[in-house]
Amino acid sequence: MANVSSKEKLVPVHELQPNMVLSRDLISVNGFLLMPKNTILNTSNLLRLQLLDMGKIYIRVDNDFPSIVTDNPLVANKSFDAEEYNFLPVSEKEDFQIFNSLYTLDQDIVKQHLLSIGNGDHIQLMELYNLTGSMMNELKCRSDVFTYLYHVKSKDNHTYSHSINVSLLCNIFGSWLNMSPLEIEELTVAGLLHDIGKIKIDDNILNKVGRLTREEFEIMKMHTVYGYDILKDSNLSENIKTAVLLHHEKMDGSGYPTHAKSADISKFAKIVSVCDIYDAMTSDRIYRDKLCPFRVIKTFEQQMYGELDTHFLLSFLQNIAYSYLGSRVVLSDNRQGEVVFINKTALSLPIVKVDEKFIDLSKSDCNLYIDRIA
């Protein structure tokens, strides 16, 4: 064990308090930087340390910089009215702010993991699962993940934020499908690794603002094969490996890389495909803004039933739509309202309460639609 100086102490994670200060860089067992020296602990990174089961942490204690900073504005005990809190914008809610902080930390960690795996390092299934699975387990309401991902501010590198998003979506989708705990773990990791082959694609193609040329698109499509090649000799299950290889296949055989049809596409690949496309449409891109989830649901309803597995797609759309019950939304005429009822035959067009009026967006004479989540 390294020597402990007089200006620091080793504190068990369960005894850490907000406003304590790290005296050393916090490094994972794989050598990844989790938090830099002099980080002031707050609610979100304390939660991250607990989730990572870090054991004991070195904390600063000296006259110039005591172990606890009393004026850190990041942690405050504010009382609030519960009903008023429910109607706050999502970005102002404490639960979302904690999620957003964990999400930001995870982007760097996921990047390091994917690059490490790409270099042939050993893969630990549970360590990969805990990167996102633990985030899901900490949500008070698991379906909040859809609203939170819609509002989260990701970093510029889309590959790693998209990997986190798909992993989170796969985790909750697996629970909707009543999959076993082991299957959910594997599905969560499959979502995290589904695009790992993109680390082999030139950044000029990955980050191109305009439309890819035919040649560039053919190179981009190779990421599924590259990803499978990276994982094929690993200790991961075939469920994960085939999901990485086949998640761009379509039920009608129009996908890639093998043009497989329904019976030849694995269950995990079908599930990851649904989550992959949903996240791609509801996330910001260099070339366009993210789309409202209800608009994406409508697109799925109108265009995707021939391409994606009907059973998985219907289950996914129904659960997403119902996850927005009670949510504050903005209509196309800029009025704000609350989603109060989901129309089973028109999932993208619920009943919305605006002031004291109930508006059924599915009625043929209603020209309104949900523009965005408030």
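Is C292 buried or exposed? C292 is buried, with a relative accessible area of 4%, where buried means under 20%, exposed over 50% and partly exposed in between (1.4 Å probe, protein chains only). Keep in mind that this is a predicted model, so local features need pLDDT of at least 70, side-chain atom pairs count only at pLDDT 80 or more, and totals for chains, interfaces and linings use all residues. Residues are numbered from 1 along each chain as its sequence is written, and side-chain values use heavy atoms, with hydrogens and water left out.

**View 1. Two cysteines, C292 and C366, are tucked away**. C366 is buried like C292, with a relative accessible area of 17% for C366. A disulfide is a covalent bond between the sulfur atoms of two cysteines. Counting a disulfide as a pair of cysteine sulfur atoms within 2.5 Å, the model has zero.

**View 2. F146 and F316 meet edge-to-face**. Aromatic rings (Phe, Tyr, and Trp by its six-membered ring) pair if their centres lie within 6.5 Å; planes under 30 degrees apart are stacked, over 60 edge-to-face, and the rest tilted. That rule gives 13 aromatic pairs. For F146 and F316, the centres are 6.3 Å apart and the planes sit at 65°, so this one is edge-to-face. F146 belongs to helix α5 (residues 144-151) and F316 to helix α14 (residues 310-323), so the pair links parts of the chain 170 residues apart. Helices (H or I, at least four residues) and strands (E, at least two) are DSSP runs, numbered from the N terminus. Both F146 and F316 are buried, and they belong to one aromatic cluster together with F173, W176, Y278 and F312.

**View 3. F217 pairs with Y256, right beside a cis peptide bond**. Their ring centres are 6.2 Å apart with planes at 85°, so here's another edge-to-face pair. F217 lies in helix α9 (residues 214-221), while Y256 is in the loop between α11 (238-246) and α12 (267-282), so the pair ties together parts 39 residues apart in sequence. F217 is partly exposed at 38% relative accessible area, but Y256 counts as buried at 13%. The peptide bond from Y256 to P257 is cis, with omega near 15°. That same loop between α11 and α12 holds P257 and H259. H259 has phi near 60°, a positive value in a residue other than glycine, and is exposed at 52%.

**View 4. Helix α9 has a buried side and an exposed face**. E216, M220 and K221 are its buried residues. They cover an arc of only 140° around the axis (taken from the directions from the helix axis to the C-beta atoms), which puts them on the same side of α9. Their cover includes α8 (203-206) and α10 (223-231). Turned away from that side are the exposed R214 and E215.

**View 5. Two charged side chains sit over rings**. The test: NZ of Lys or CZ of Arg within 6 Å of the ring centre and within 35 degrees of the ring normal. R24 lies over Y58, at 3.6 Å from the ring centre, and K290 over Y150, at 4.5 Å.

**View 6. Confidence varies along the chain**. pLDDT is the predictor's confidence in each residue, from 0 to 100. The chain's mean is 85, but helix α2 (residues 82-86) has the lowest mean of the elements, 48, and α11 the highest, 98. Where pLDDT is low, the predicted coordinates should not be read in detail.

Key. Contact = heavy atoms within 4.5 Å.
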